[in-house]
Amino acid sequence: MRPLRQRLQIWVLGASLPLIFILWRPAMAQEPCEVAHPLAPAQEHYRGRCPNCGMARAMWARTWVSFENSNGPQSVCSLHCLADLALKSGESPRRVRVALYLEPKTMVPAETAVFVLGSRAKGTMTANSKPAFASAVAARSFAARCGGQSVDFAAALAAATADLPAENR
């Protein structure tokens, strides 16, 4: 049996390591396009689940999409699921709004958003990410740090649709 002092030192060191890591982590160099995606911890003020895949908005709010179709107002977790539902239903979504990737509380009309296709940012339901931004300047700034190319909504949705066969295996 170890002496009490040695056991106490081991306990203090063991209890301190997680705290040291938490305090030190923000100072570590991070990937410039690394953002909390999915949101962790989940942000409970975001309500809803994707009807296509079941993902919770509380975690996937950065890529959330709302739209209308013949079933009325809908929301999905990503352009992937929007493309998938459009393909399954045979109808194009109307009044599409997308969450801004770096400001997920803000939803904007998809036609006014600028998407960055194929960046190093984590995608939702896809390896080919398509985060949305409010302006071409914001999208270009993100693309300069994280790669990818700026595209409009039609091109982002077309890319999501083209990716479906490989992603839905």
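How much space lies in the second largest cavity? About 40 Å³. The model on your screen is predicted, and this tour visits its cavities.

**Start: the whole structure**

Show every residue. A search of the whole structure finds 2 cavities of 30 Å³ or more. Rolling a probe the size of a water molecule over the atoms shows where empty space is left.

**Stop 1: the largest cavity**

The largest cavity holds about 150 Å³ of space. Select Thr 63, Ser 78, Leu 79, Lys 130 and Pro 131: among the 19 residues lining this cavity, these are the closest to its centre. Next, colour α3 (79-89) and β3 (94-100), the elements that give two or more residues to this lining. Sorted by class, the lining of the largest cavity has 9 nonpolar, 7 polar and 3 charged residues.

**Stop 2: the second largest cavity**

Keep α3 coloured and move to the second largest cavity, with its space of about 40 Å³. Select Phe 67, Asn 69, Leu 82, Leu 85, Ala 86, Ser 89, Glu 91, Ser 92 and Pro 93, which line it. Now add β1 (65-69) to the view; β1 and α3 each supply at least two residues of this lining. Which element gives the most to the lining of the second largest cavity? That is α3, with 4 residues. By class, the lining of the second largest cavity divides into 5 nonpolar, 3 polar and 1 charged.

**Last view: α3**

Finish by selecting α3 alone. This helix gives two or more residues to the lining of the largest cavity, and it supplies 4 residues to the lining of the second largest cavity.

Methods: Residues are numbered from 1 along each chain as its sequence is written. This is a predicted model: local features need pLDDT of at least 70, side-chain atom pairs count only at pLDDT 80 or more; totals for chains, interfaces and linings use all residues. Side-chain values use heavy atoms; hydrogens and water are left out. On a 1 Å grid over the protein atoms alone, a cavity is a set of points where a 1.4 Å probe fits but cannot get out, and a pocket is an open set with protein on both sides within 12 Å along at least five of seven lines; lining residues have an atom within 4 Å of a point. Grid points are joined across faces, edges and corners, and a volume is the space filled by probe spheres set on the points. Ala, Val, Leu, Ile, Met, Phe, Trp, Tyr, Cys and Pro count as nonpolar, Asp, Glu, Lys and Arg as charged, and the others, Gly among them, as polar.
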